[in-house]
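This report describes one protein model for a reader who is new to structural analysis. Please look at the sequence and the structure below before reading on.

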Amino acid sequence: MKRFPLLALTALCTATAFATPSGTTVIANGTAIDPGTGKIIPNAAIIVQGDRITSIVQNSTEISKKGDTVIDAKGKFILPGYIDTHVHFFQSGDIFTRPDGLDLNSIRPYKQETEWIRSHLDDAFARYLRCGITSVVDIGGPLWNFEMRKRANATAKAPRVAAAGPLISSVSRPQLDLGDPPIVKIDTPEQGREMVRKLAAQNPDYIKIWYIVPPAQPAASPTPQSSASGSVSSEPSPAAPPSPGQSDVERAAIFRPVVHAVVEESHRLKLRVAVHATELEAARASAEEGADLLVHSVTDKPVDDAFVKLLKEKGTILTPTLVVFERYGRTFANKLELTPEEKAWGNPEVIASLDVTKIPEDKRPERLKKAMANPQQVLDGIQKTYDVALKNLKTLEDAGITIATGTDAGNIGTIHGPAIFREFQLMKQAGLTPMQILQCTTANAAKTFGGDTGAKIGSLKPGNFADLVILKSNPLDDIKNASDIDSVMKSGVVYKAGAILPK
Ligand SMILES: [Zn+2]
C-alpha cells in the first residue's frame, strides 16, 4: 500500500479562530419554523447570546427591548441553517475536476486544477454561507481534507465541516493520484482494516467506502473486465473478476468481504461508515453489513419491502443526491441548465468552464464528442435514472426512513453552494412536501453530521449553535422560497446575504 505524505499533515492551516460575539441579539417579530418538530411559531423572538440560541418565545415588546442588538424580522421566516450532507471540497465542480471521467489534462493539467481548488477554499466556503448552508459533510477526499476541515472550522464565513478521508474503493483511479489520492483501491479485508486504522488517526467523521459493482457481463458474449492496472496496491485480488451471466447479488458479493471488514474495524474504533452504493444489491449488502449512511439513491431498480425494512431496523440514513445524476450528462451534452441561484452564487470561473463548446474539437475526449453528438440519448438516460431514483425517494420517505439532503457538490456541473436549490426542486418532483424537504435539510442532516456538533445544529433549540437562515418569503408555501434569503447567522454573527460574496 502506498504511504501517505505525512509532511502535508503537519502543515496545518494558519487561519485564526474568529471571535464569538458578545451581548444579546434578539430576532424579533418573524415566523420561526423548526422543521425537525414541525413547529411554527408566529411572531417569535429568538434570543441569541454569544454563539448560542438561548430561548425562543412568543414575541413580546419587553423581550425585544432586552437585546443589545434587535433584528426586526417582521414578515420574515427564520429556520435552522441548511446542511448539505454530501459535498467534496477536493473537487471544484468545473470541467477539469475529474480527469478520471473526462481527461482534459492537455488543456489544464490536473495538478493546476488541484492548486486552484486549494487556493479557493475560502471562496467555496463563503458560497455555502451565501446559500444559507451553515454546515456540510465532506464525504471523502485526499488526506488534506482534514486540514480543510480545520480551516473551515476556524473561519467565520464558512460552514461547519465534518469530513471523511480517502475513499476505500473497489476500483482504482490513478488519474487522481498526485501523491495524496482521494480514492484508494483496496483488495483484501486486511488492507481495508489497515486503512481504517490509518485514517482513525485523523479523527475522521466518517470512513467512506466506494462500492462500485462491476457491470454485468452478457452470458453469451463475455467481454473481459478491464485490469486493475495503476492500482496503488500490488497485491493480487482475492476475488475472481466478474464472469458472464453473474447475477446482481453475485457481482455485489465480490467486494463485500472488504465492506464487512471495513465496517467491523470502523465500528470497533467508534467510527461511522458511509457507503457509495447506487445498485440495490450493493446498497442492501452495505446496510446488512451495518453501514451508517448510504450516500446516494438506489438508481438501478425500485427498492423492495425487504430493503425498506432493513434500513428501518438498522437505522440507516440515506442521502439521495439527485442533482448530481443529471449534471455530468447535461454538462457533456451541452444541455446544462443552471438555476438562477447557481448562476448568481456559483463561482463564475467554475461556471465559465462548463461551456463545452469552448473546448477545441481536436481536444475533446471521445465521451464528450459522443454526448455532444447525441444529447437526446444523454437526456433520456438521465430521465431513466430519475424515473427510478425519485420514486425510491418517495417510497423511503413515506416509510419513515431518515433522509438527509445532499448534493455531491464539487462533481462536474454540481455547483458548491447553490446546487442545494436544484436538489430541493428534484425532491419536490419526487413528491416531498416543503416541510419534509426542510426536515431532511436540517434535523435529519444534523444526525448525519453527527458528533457533539451534530447534536447542536439543525434545530431551533436553546443551547444550539445560533446558525440560522432568515427568508423573505415562506418556504412552506413553495420550497423555491428557500432561496429567498435575507440574511444568514453563523455562530451568532449575522450577515446580510447580499454582502457575503465579493461583488
Ligand atoms: Zn460524492
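In which sense do E6 and strand E7 pair, and over how many bridges? E6 and strand E7 (residues 133–138) pair in the parallel sense over 4 bridges. The names follow DSSP runs, numbered from the N terminus: helices (H or I) have at least four residues and strands (E) at least two. Two strands pair if DSSP finds at least two bridges between them.

The model is predicted, and local features need pLDDT of at least 70, side-chain atom pairs count only at pLDDT 80 or more, and totals for chains, interfaces and linings use all residues. Residues are numbered from 1 along each chain as its sequence is written, and side-chain values use heavy atoms, with hydrogens and water left out.

**The three-stranded sheet**

E6, E7 and E8 form an open sheet of 3 strands in the order E6-E7-E8, with parallel pairing. E6 and strand E8 (160–163) are the edge strands, each of which pairs on one side only. From one strand to the next, the twist averages 15 degrees. Helix H5 (residues 145–153) packs on this sheet and touches E7 and E8, and the direction of H5 makes about 160 degrees with that of E8. Contact here means heavy atoms within 4.5 Å. Axes are lines fitted to C-alpha atoms, for helices over the stretch in contact, and angles run from 0 to 180 degrees between N-to-C directions.

Individual residues show how the strands are aligned. Tyr 82 has Ile 133 in E7 as its bridge partner, and Val 87 has Asp 138 in E7. E7 is also joined to E8 by 4 bridges, and these two strands run parallel. Across that pairing, Val 137 stands opposite Ala 162 in E8.

Is this sheet buried or exposed at E6? In E6, 6 of the 6 residues are buried, so the strand is largely enclosed by the rest of the structure. Buried means under 20% relative accessible area, exposed over 50%, and partly exposed in between (1.4 Å probe, protein chains only). In a regular strand the side chains alternate between the two faces of the sheet. Both faces of E8 are covered: Arg 160 and Ala 162 on one side, and Val 161 and Ala 163 on the other, are all buried.

**The six-stranded sheet**

Another open sheet has 6 strands in the order E10-E9-E11-E12-E13-E14, again with parallel pairing. Its edge strands are strand E10 (183–185) and strand E14 (317–318), each pairing on one side only. Within this sheet, strand E9 (residues 167–169) and strand E11 (residues 207–210) pair in the parallel sense over 2 bridges. Ser 169 stands opposite Trp 210 in E11.

**The zinc site**

Which protein residues are donors of the zinc ion? They are His 86 (NE2), His 88 (NE2) and Asp 408 (OD), lying 2.0 to 2.2 Å from the ion. Donors are N, O and S atoms within 2.8 Å of the metal (3.2 Å for Na, K and Ca); water is not among the atoms, so sites may look incomplete. The spacing of the donor residues in sequence is H-x1-H-x319-D. Distant parts of the chain are linked here, as His 88 lies in the loop between strand E6 (82–87) and helix H3 (110–119), while Asp 408 lies in the loop between helix H15 (375–398) and helix H16 (419–429), 320 residues apart. Both His 88 and Asp 408 are buried.

**Helix H15 and its surroundings**

Helix H11 (residues 324–332) and H15 pack at an angle of about 175 degrees, with their axes 9 Å apart. H11 and H15 are therefore roughly antiparallel to each other. Angles under 35 degrees count as roughly parallel, over 145 as roughly antiparallel, 65 to 115 as roughly perpendicular, and the rest as oblique. Phe 325, Glu 326, Gly 329 and Arg 330 in H11 meet residues in H15, including Val 378 and Tyr 386.

Leu 393 also has its place in helix H15, and Leu 393 is buried, with a relative accessible area of 3%. Residues that Leu 393 touches include Pro 320, Ile 403 and Met 427.

**Cysteines**

A search of the whole structure finds 0 disulfides, a disulfide being a pair of cysteine sulfur atoms within 2.5 Å. The table gives two cysteines.

| Cysteine | Closest cysteine sulfur | Relative accessible area |
|---|---|---|
| Cys 131 | Cys 440, 18 Å | 0%, buried |
| Cys 440 | Cys 131, 18 Å | 1%, buried |

The sulfur of Cys 131 is too far from that of Cys 440 for a bond.

Key
Lists of a residue's contacts leave out its neighbours within four places in sequence.
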